[in-house]
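This report is meant for someone meeting the structure for the first time. It moves from single residues and their pairings to helices, cores and the chain as a whole.

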Amino acid sequence: MRLMGISLRHVNPLRLVLNPRFPYRSGPRPLQPYTGHAQLIGLQHGRGTRHFLSTVALLDDSKTPLDVFLSELSNDLQTDQKTPPQQQNPHVPPIQESKLFGKWRPLLTDPFRLSIESDFARRGPAKTWRSQLLVDRFENRSDIALWSALLDYQRRVDGSRGALNVWRGLWGRKTLYDVSSPLACAFWETILDAALRLGEGKILTSIWVYSEWMYDVHGVKWPRLYSTIISHFLRTHQHQQALQWQLRLTPHFYPGTQEFAAIIKQFATDQEFYNTPTLESLYVVNPDRQLYDILVPHLYNKGAAKLAAKWRRICILHDDVPLASVPSRPFLRYLQGYFPHVLLHPQESASLGNFDPDAAEQDRPVEMSREFVNRVHGGTFGISVKNYNDKLGAKWLASLWVSLDTAVSTLTALGIEQIGPLSLQSIALREGTSERVLARIQQLREQGITVKESTYLSLVLYLARLRDDELLLDLLNSDLHPDVFDDVGLQEQLVVSTAKQGDWRAHRLLLATRLVVMERSAREAANALAHAHVLRKDGPRLLKLLVDMKKMKVTVSQDLTRLIFDSFVTEAKSTFFPEESLRFYLSACQQLASMEIAVPVKCWRKLLFSLARQGKIDDLEKICVELVDMFTTFQSSRPGFVPVHPDDIPDSMKKPLSGVENLLSVYIPLDLPTDMPSHPLRQIFDNKMLGTIIRCSFYPQMDERSGKPATPALRIRRQEPRNRYGERAVRLMRTLYDGGLFIDRQRLATWVKLRFITLYGPGYPVKRISQNVRASNSLTMVELKTLLDHTWGEELLPPIEELRRQIQTQGRKIMDEDKKYLQKMGKTTPQLRIVL
């Protein structure tokens with residue numbers, strides 16, 4: 001039982017607070033028989049009914065609002081008490097009004113009599129009471145209103161223990177089994193919550209026994225017994241108790257698939273259950289295993305793809321397969337694209353539209369759904385794309401004798417790829433609300449059906465996203481043909497005529513259309529201006545324009561992003577290009593990434609190669625760290641996901657997206673393992689890239705073209721030990737590794753040993769940059785090895801003797817190869833005295 005949302009004054013639980021409007025009686029007052037017309041000052045007002053403040057199950061035990069109701073009675077009658085709105089959660093009991101207590105309403109304000117009537121063992125105030133307690137009278141033995149009044153009093157004065165006192169009185173009498181009256185739900189839930197909160201195992205067991213008695217004798221169930229108990233033990237991580245009570249409650253109190261799925265969804269993302277089979281065990285002993293369509297899409301949409309894959313395996317193992325194709329389709333596309341070795345169930349293949357006719361001949365039975373049959377027919381008879389008639393399609397979609405899901409499935413099975421505005425109007429009319437219209441359009445896109453681009457479509461989407469249901473329904477029910485909204489001249493005439501005729505509904509629609517057209521014009525103008533800035537390589541103006549577009553939520557066109565990326569790749573065919581161009585494209589890519597517009601992997605690689613080989617190590621480190629953070633901890637508009645360029649997703653995921661217009665990014669879960677070859681980070685930081693970063697950042701910051709330091713201010717100095725030799729390179733690798741990037745430690749050690757060969761190997765280096773590095777080296781091999789191991793955080797290189805042997809062996813091979821190469825080119829091996 002819960003309280004109204006008002007502030008509560010502190011009340012001493014053992015102290016009686018009297019209201020000054022009621023006379024004080026020193027002795028016991030005989031209780032007069034109550035009638036249904038009993039009047040009490042302050043309870044019934046001329047302007048409405050005052051609400052009785054019943055007990056809330058979630059109220060802290062330290063709060064005892066005994067005088068809340070009495071203090072309300074002392075307020076001036078001029079204050080108008082409004083009925084609080086009902087909570088959206090259907091499981092929360094409603095606020096209890098005093099009129100629900102019927103003839104017991106006067107008892108609510110008599111704390112002395114309540115203390116007597118709730119002393120069920122007659123050890124306190126009722127010890128000297130000569131009359132029979134009200135609950136022991138035959139006519140009151142099953143009166144839920146009386147018991148609720150006593151429970152409310154005990155709960156207010158003694159918290160949860162007071163509720164258990166009422167339970168002990170009820171347990172000894174075993175007369176109450178009402179679960180249908182307005183006060184019943186709050187009564188039973190308050191007692192159950194008190195037992196769980198205080199951890200009274202014996203009382204909880206007695207509640208279960210009592211509930212079994214209610215079910216066996218009277219055929220009624222304790223409200224929300226299963227959900228409350230199981231959720232409590234899962235929330236408090238009492239795994240064994242949760243399993244025990246699951247076995248006890250399932251036979252008679254299982255709440256059904258939806259409520260059980262809600263419990264699993266609530267705790268599936270709790271890390272406490274990642275390494276324990278508690279939830280899986282609850283699912284296995286569950287008598288109704290239909291969790292795939294509910295749980296797997298839910299987990300995937302939260303970005304928990306690993307958990308979704310785990311639960312998918314559990315469901316398939318127990319013949320729990322997707323019965324509806326739409327909810328699970330995004331996850332199955334992701335699974336098929338990034339984990340192609342995972343075999344899909346025939347029903348999953350049917351959900352993707354990849355039905356294999358041979359699968360129908362397998363011994364394992366497949367449950368036949370409507371979508372499954374459509375896919376079979378389409379694959380068997382070779383049904384191809386049909387020419388779609390928008391008028392006929394609109395009539396089909398508007399027909400009430402067929403469900404909208406069936407109509408859309410039929411279009412999918414017939415191979416329809418695009419519908420017109422009339423069909424969109426029929427679909428939106430049947431959906432009725434903005435939220436459902438947007439969901440249905442998204443469903444059409446997921447099934448490969450697009451809506452023909454038009455002003456009518458833009459207007460529908462605009463109003464739906466604004467959640468303006470009133471104006472949206474006016475548009476859908478309007479007599480104006482959708483083509484009217486594309487005719488600017490006709491709109492000008494209609495705006496004037498509707499204003500003269502006073503047809504304000506149509507006038508508002510036409511004005512809203514103007515707003516949509518203006519937004520489209522602004523979007524086109526902004527993208528055209530950005531296009532011009534890109535062609536002129538005007539970096540400051542382009543960045544300013546992109547920032548303004550981000551603030552104003554103006555959509556960037558795919559043509560603009562394609563121009564930026566293609567121009568960059570074309571100009572950067574050689575990794576060395578002017579610094580001005582490098583800065584321009586670097587800042588453009590960073591700004592686009594901040595707008596959740598994915599940059600292709602090839603562009604990031606070009607940028608990193610250019611920065612590394614031109615010795616811009618500061619920028620290189622910054623971009624590397626930003627990339628790792630973006631693909632591991634990015635906070636996007638879709639939590640748990642990161643945007644990826646459509647060119648960088650697996651081929652199997654590209655085909656369903658071929659009809660999507662202005663597709664700038666595709667969102668993939670953040671928990672995709674970074675060691676997978678198809679992960680964007682693995683594609684950017686492959687072995688070649690990491691080797692180049694180690695080579696270019698290991699030495700003093702040299703420009704490979706000149707062999708001279710790129711930035712004099714960053715030259716290696718003895719007073720700057722942090723930048724010496726490979727320490728900075730190894731520190732960068734460790735930072736990326738700790739950030740989530742997959743780095744093969746053995747391969748990293750190999751790259752570092754190649755740099756050791758340059759510094760300490762036999763012979764003398766051939767390249768001028770390597771000669772300068774060896775000449776400037778002031779550290780011994782032992783000192784440098786110790787420095788790098790310390791930077792890595794553990795031993796990275798082998799023991800010094802083994803390291804010396806490997807350097808000598810590998811160094812001689814490299815020296816022999818360099819000698820053969822120089823001889824082939826007609827040159828001689830450089831000697832130290834000649835170099836000096």
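In this predicted model, Lys654 is partly exposed, because its relative accessible area is 29%. Its salt-bridge partner is Asp651, and the closest N and O atoms of the two are 3.5 Å apart. Asp651 is exposed, with a relative accessible area of 59%, and both residues belong to helix 28 (residues 651–654), where they lie three residues apart, about one turn of the helix.

**Salt bridges**

Across the whole structure, a search finds 27 salt bridges. Side chains of opposite charge can pair when their charged atoms come close. The table sets out three of the pairs, with the separation of their N and O atoms.

| Acidic residue | Basic residue | N to O separation |
|---|---|---|
| Asp618 | Arg728 | 2.1 Å |
| Asp651 | Lys654 | 3.5 Å |
| Glu727 | Arg731 | 2.9 Å |

The pair formed by Asp618 and Arg728 has its closest N and O atoms 2.1 Å apart. Because Asp618 lies in helix 27 (residues 617–633) and Arg728 in helix 31 (residues 727–739), this salt bridge ties together parts that are 110 residues apart in sequence. Asp618 counts as partly exposed, at 38% relative accessibility, whereas Arg728 is buried, with a relative accessible area of 12%.

Glu727 and Arg731 also meet in a salt bridge through their side chains, and since they are four residues apart in helix 31, about one helical turn separates them. Glu727 is buried, with a relative accessible area of 8%, while Arg731 is partly exposed at 31% relative accessibility. Elsewhere, Asp405, Glu431, Arg436 and Arg440 are joined into one network by salt bridges that share partners.

**Helix 27 and the nonpolar cores**

Helix 27, which supplies Asp618 to the pair described above, has 17 residues and reaches 24 Å from its first C-alpha to its last, close to the 24 Å expected at 1.5 Å a residue. Its buried residues include Ile617, Leu620, Cys624, Leu627, Val628 and Phe631. The buried residues of this helix pack against helix 25, helix 26 (601–613), strand 5 (641–644), helix 29 (680–684), helix 30 (687–698) and helix 31.

In soluble globular proteins, nonpolar side chains tend to be buried together. The largest nonpolar core here has 180 residues, and those with the most contacts inside it are Trp311, Phe685 and Phe756. Helix 3 (residues 144–173) gives this core its largest share, 14 residues. When its neighbours within four places in sequence are left aside, Phe685 is in contact with Leu608, Cys624, Leu627, Val628, Leu690, Ile693, Leu736 and Leu741. A second, separate core of 31 residues has among its members Leu444, Leu461, Leu463 and Leu476.

**Helix 23**

How far apart are the end C-alpha atoms of helix 23 (residues 539–551)? They are 18 Å apart, which agrees with the 18 Å that its 13 residues should span at 1.5 Å a residue. Gly539, Leu542, Leu545, Leu546 and Met549 are buried in this helix. Seen down the axis of helix 23, the buried residues fall within an arc of 130 degrees, so they line one face of the helix. That buried set packs against helix 22 (504–536) and helix 25 (579–594), whereas Pro540, Arg541, Lys544 and Lys551, on the other side of helix 23, are exposed. Lys553, which follows the helix, has a positive phi, near 55 degrees.

**The whole chain and its confidence**

The chain has 36 helices and six strands as its secondary structure, and buried residues make up 50% of its 836 residues. Of the contacts in the chain with a separation of 6 or more, 72% are between residues 24 or more positions apart.

The chain averages a pLDDT of 78, and 79% of the residues score at least 70. Confidence is highest in helix 29, at a mean of 95, and lowest in helix 1 (residues 68–73), at 33. Residues 355–374 have a pLDDT below 50, and this stretch has 29 contacts in the model beyond near neighbours in sequence. Over residues 702–723 the pLDDT likewise stays under 50, and the model has 39 contacts for them beyond four places in sequence. Where pLDDT is low, the predicted coordinates should not be read in detail.

Notes: Residues numbered from 1 in each chain as written. Predicted model: local features only at pLDDT ≥ 70, side-chain atom pairs only at ≥ 80, totals over all residues. Heavy atoms only, no water. Helix = DSSP H or I, 4+ residues; strand = E, 2+ residues; numbered from the N terminus. Expected span 1.5 Å × (residues − 1). Buried < 20%, exposed > 50% of the residue type's maximum accessible area, 1.4 Å probe, protein only. Arc of directions from axis to C-beta. Contact = heavy atoms within 4.5 Å. Salt bridge = Lys/Arg side-chain N within 4 Å of Asp/Glu carboxyl O. Core = buried A, V, L, I, M, F, W, Y, C linked by side-chain atoms within 4.5 Å. pLDDT = per-residue confidence, 0-100.
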